[in-house]
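Me: Could you walk me through this structure and tell me how each label is earned?

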Amino acid sequence: MRHIISILIENESGALSRVAGLFSARGYNIESLTVAPTEDSSLSRMTLVTSGNDEIIEQITKQLNKLIDVVKLIDLAESAYIERELMLVKIKTTHETREEVKRMVDIFRGKIIDVTPNSYVIEMTGQSNKLDAFVHGFDAESIIEVVRSGPTGISRGEKGLHL
Amino acid sequence: MKLELSGGQILVQCLKDEGVEFVFGYPGGSVLHIYDAIFHQDEVKHILVRHEQAATHSADAYARATGKPGVVLVTSGPGATNAVTGIATAYMDSIPMIVLSGQVPSPVIGSDAFQEVDTVGITRPCVKHNFLVKDVTKLAETIKKAFYVATTGRPGPVLVDIPKDITDPNIKVPYHYPEKVSMRSYNPIVVGHKGQIKKAVDILLQAERPIIYSGGGVILGEAHQELIELTRLLGYPITQTLMGLGAYPAPDPLFLGMLGMHGTYEANMAMHESDVILAVGARFDDRVTGKLSKFCPYAKIIHIDVDPASISKTVKVDVPIVGEVKPVLEQMLEMIREASHQPNKPALVEWWKTINDWRSIDCLDYERDSNIIKPQYVVEQLYEVTGGNAFITSDVGQHQMYAAQYYHFNKPRRWINSGGLGTMGFGLPAAIGVKLAYPDSDVACITGEASIQMCIQELSTALQFNTPVKIINLNNRYMGMVRQWQEFSYQSRYSQSYMDTIPEFVKLAEAYGHVGMRIEKPEDVRGALEEAFAMKDRTVFLDFMTDRTENVYPMIEAGKAHNEMKLRVAPSTPFDSELS
Ligand SMILES: Cc1cc2nc3c(=O)[nH]c(=O)nc-3n(C[C@H](O)[C@H](O)[C@H](O)COP(=O)(O)OP(=O)(O)OC[C@H]3O[C@@H](n4cnc5c(N)ncnc54)[C@H](O)[C@@H]3O)c2cc1C
Ligand SMILES: Cc1ncc(C[n+]2csc(CCOP(=O)(O)OP(=O)(O)O)c2C)c(N)n1
Ligand SMILES: [Mg+2]
């Protein structure tokens, strides 16, 4: 099963490689990893998407917790949560296709943020499967570039992940 | 006014403030400032090894024997890479150790400078934690954190990488060594969950075929007294892992011997047939469990471990208890004493009857009237000559297993060996580290002619620092353990498990300034040992010419279960149907 793990980790050099190294050393699957400082600059927040059966996920969270730099973590998939991913897509356009592309962007509630005579850059956020669906709506030739941030997530309700 | 010190002086002062007696190390460019600070004092003694690997093994063994963290100092680049094997050895066996490594000056890090390697990167997977010091004003605090992390929770090695500019003698800063540190990201759990312990006690008291399976965690956690008390209070059989030996006294009738790949018949059979297992500070290693799908099919498992990640890692357990063994066992003892019902006596009587049947096949028996020296015989004689009171270090191979099986350890911290990584070369430097800690005790290194050559240069260290240890070389002219596997699994194709030239160890010992003895006949074994141990102030290399073809039994081969042991002699009693 797919799990999203949110991690608060000391903002130290090497902290990221400890997490990445753990996954490669123990052969855990890592689908995506995002990381950025938090409002408290001594902490970073990571969002890690992985998959595995319950035993593997249990070991992953235990091993992550065991890393000295990890302050706290939660497996978002354990309760209700919201997940979003940011995508930037560069698409070839011609005079004939421009309107159609724009309509697609509107349907998916994206934004066109750069325009040249022959291309658009589209910004879109959403759940990963929505982004997939958007990309699949175009034929491969018309896509110049796709950049995705990997999902980040937050739990629903009042509770939060903090110190 | 506050004391102002340079980085090098700060390091040495921190070690003094930690009460460190010995630093095992080897100098080089990036640590010269530190060595100069060492030169100016004599409180912290520096033990100059002959190879950085040995520094780590000596420090590691010092820690295993004393419970205090071992300290290592190496230079950057090759000094640090040479230390990696020893760091990994300590890591696998959860040994508290501090490794101080020099690094190239901060401004040139990343430029492929002379003797630069990414030490923090290389060691990351085999340390509990590591630090790169970036600011001399943070040095003392970092050292304190290193000691704190290494010695608390599940212990382990911690490395501190120190760029040369940090120890510059011209830059002095106020010195303050914090009494305590706290880290918001590191809070090891000490006491166990009361409800879980209660649940465990209930299951334990209802057991009909119980067994206690204890490991290295009991020794690391100084909980042998509590373990002994609990075992005797319940009257349950107990088995121990290779790393746990000595916590419960081996000569005691409740002790079934070691379990696992080369464990006793009774210990492995009792594990297999048990209905309740109390695992204490043991980590269900593959050498212990054998084939996982056939592991202890009837048992409910209670597991006490300070590291949550050890629990249900390979074997799913029924009652996990996260906490230090000592307080958890204390809580258990209290609950058992106050419990309304007591162990099931009639069931226990039956259980012990079965166990004693298994015991009666005497699985560790060997040919005692051979006219070739049997390795087991040497270990038995060593046990007698030293009154069972010596510190025994070992290398890796058959000799290690004979040591574990035939030296009946009756105190913790007396059996010093590399279990998790299985590092050949460990034994001799380990013996030196132990002898420094306990100069008045007998220290012997049980080794093989292949292993001893992996750190043989330490004979020189032994002379310089006057550590009169006895080297018991069980010389079978084979990498015996490898040869045994090749005999069993590769139709005796002894590929590269034999060396054509083995040095004359007697001369080698003499060349290093020690005493060498070669023993060829069984009747000379006892006398040689007595003579060697009578030479209190000499390192003696005893080269025993042992049976080349001897194998370690019992053995659980790969993919087999506890009840499928290979024995020296198959039992003829009714329970032999359980054997494959
Ligand atoms: C050639 C060879 C053959 C071997 N054959 C065997 C064999 O037949 N049988 C055998 O048993 N081993 C054998 N081994 C050793 C084996 O590889 C493992 O090293 C060993 O089984 C592990 O022992 P352990 O489970 O006690 O764990 P250790 O490695 O000692 O780990 C200790 C456990 O206790 C926990 N712990 C630490 N401190 C505390 C505390 N204060 N409180 C609570 N928990 C704590 C740790 O988290 C860890 O889970 C062999 C090794 C070699 C090299
Ligand atoms: C550094 C290292 N290399 C290889 C091995 C694999 N190995 C395990 S036991 C062994 C043979 C040891 O031979 P010896 O020291 O003579 O001991 P014996 O088994 O003969 O008692 C080898 C090569 C190891 N454990 N460590
Ligand atoms: Mg040999």
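**The magnesium site**

Reply: Around the magnesium ion (ligand 3), the protein donors are B:Glu449 (OE), B:Glu449 (OE), B:Asn476 (OD1) and B:Tyr478 (O), at 2.0 to 2.6 Å from the ion. Donors are N, O and S atoms within 2.8 Å of the metal (3.2 Å for Na, K and Ca); water is not among the atoms, so sites may look incomplete. The model is predicted: local features need pLDDT of at least 70 and side-chain atom pairs 80 or more, while totals for chains, interfaces and linings use all residues. Residues are numbered from 1 along each chain, chains are lettered from A and ligands numbered from 1 in written order, and side-chain values use heavy atoms, without hydrogens and water.

Me: What makes the arrangement around the magnesium ion (ligand 3) irregular?

Reply: Its six donor atoms subtend angles of 51 to 177°. Six donors count as octahedral if opposite donors are over 155 degrees apart and all others between 65 and 115 (four are tetrahedral if all angles lie between 85 and 135 degrees, or square planar under the rule for six); anything else is irregular. The arrangement is therefore irregular.

**Two packed helices**

Me: Why is H3(B) called oblique to H16(B)?

Reply: Helix H3 (residues 52–66) and helix H16 (residues 427–437) of chain B pack at about 45°, with axes 7 Å apart. Oblique is what remains after under 35 degrees (roughly parallel), over 145 (roughly antiparallel) and 65 to 115 (roughly perpendicular), so H3(B) is oblique to H16(B).

**Two backbone details**

Me: Where is the cis peptide bond?

Reply: The cis bond joins B:Tyr553 and B:Pro554, with omega about -10°.

Me: What is notable about phi of B:Ser94?

Reply: Phi is near 55°, a positive value in a residue other than glycine.

Note on methods
Axes fitted to C-alpha atoms, helices over the stretch in contact; angles between N-to-C directions. Helix = DSSP H or I, 4+ residues; strand = E, 2+ residues; numbered from the N terminus.
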